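Colleague: I am new to this structure and would like to know what stands behind the labels people put on it. Could you take me through a few of them?

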Amino acid sequence: KKMLSSIGLDLEKNTYLTYLSPWRPPGNRLLTALEIKEGLALLNQKIQQVHPTYLLFLGADTLRNILAGKTLSALRSGFT
């Protein structure tokens, strides 16, 4: 929380921090297509309720499904 506030982000006022799924699949396996669909629906609903200025997405499943399957390496290459 302190690190976020040091760059002007506040989890109670303007920032929503989340994973794609609110639960961990058994055995830490990849999410199924149904779990992804349900997770996206829940995530969209929450975003509409909260109306955050900033969204901070965590986790590999989030990266793959929110950012159209791009890898972290591919995304980082745009910043070098």
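Colleague: How many bridges join E1 to strand E2, and do the two run parallel or antiparallel?

Modeller: Gladly, and please keep in mind that this is a predicted model. 5 bridges join strand E1 to strand E2, residues 54–58, and the two run parallel. Two strands count as paired if there are at least two bridges between them, so with 5 bridges E1 and E2 qualify. One of the partnerships is that of Tyr16 with Leu55 in E2.

Colleague: What does the chain pass through from E1 to E2, and which hand does the crossover have?

Modeller: The path goes through helix H2, residues 33–50, and this β-α-β crossover is right-handed. The elements of the protein run α-β-α-β-α-α from the N terminus on, with 4 helices and 2 strands in the protein.

Colleague: Why is Thr15 called buried?

Modeller: Thr15 has a relative accessibility of 4%. Buried means under 20%, so Thr15 belongs in that class. Thr15 is found in strand E1, and its side chain makes a polar contact of 2.7 Å with the side chain of Asn14. That contact qualifies because the limit is 3.5 Å. In the protein, buried residues make up 22% of the 80 residues.

Colleague: And Leu17, why is it called partly exposed?

Modeller: Leu17 also has its place in strand E1, residues 15–19, but its relative accessible area is 39%. Partly exposed covers what lies between under 20% and over 50%, so Leu17 fits there.

Colleague: Which residues make the nonpolar surface patch?

Modeller: Leu11, Leu17, Tyr19 and Leu58 make the patch, of about 340 Å². A patch residue needs over 30% relative accessible area, so Leu17 passes that test at 39%.

Colleague: How do you know that Lys1 and Glu12 meet in a salt bridge?

Modeller: Side chains of opposite charge can pair when their charged atoms come close. For Lys1 and Glu12 the distance from N to O is 3.0 Å. The cut-off is within 4 Å, so the pair counts as a salt bridge. Lys1 lies in the segment before helix H1 and Glu12 in the loop between H1 and E1, so the pair ties together parts that are 11 residues apart in sequence. Lys1 is exposed at 63% relative accessible area, and Glu12 is exposed at 65%.

Colleague: How many salt bridges does a search of the whole structure find?

Modeller: The search finds 2. Besides the pair of Lys1 and Glu12, the side chains of Glu35 and Arg29 meet at 2.8 Å, N to O.

Colleague: What makes Glu35 buried and Arg29 partly exposed?

Modeller: The relative accessible area of Glu35 is 12%, and under 20% means buried. Arg29 has 33% relative accessibility and counts as partly exposed, since that class runs from there up to the 50% limit.

Colleague: What is notable about phi of Asn28 and of His51?

Modeller: Most residues other than glycine have a negative phi. Phi of Asn28 is near 55°, a positive value, and phi of His51 is near 50°, also positive. Asn28 lies in the loop between E1 and H2, while His51 has its place in the loop between H2 and E2. Exposed means over 50%, so Asn28 at 53% counts as exposed, and so does His51 at 63%.

Notes:
Residues numbered from 1 in each chain as written. Predicted model: local features only at pLDDT ≥ 70, side-chain atom pairs only at ≥ 80, totals over all residues. Heavy atoms only, no water. Patch = residues over 30% accessible without salt bridge, like charges linked within 9 Å, V, L, I, M, F, W, Y side chains within 5 Å. Areas by Shrake-Rupley, 256 points an atom, 1.4 Å probe, with all protein chains shown as cover. Buried < 20%, exposed > 50% of the residue type's maximum accessible area, 1.4 Å probe, protein only. Right-handed = clockwise from strand over helix to strand, strands pointing away. Polar contact = N/O pair within 3.5 Å; in protein donor to acceptor, adjacent residues only side chain to side chain.
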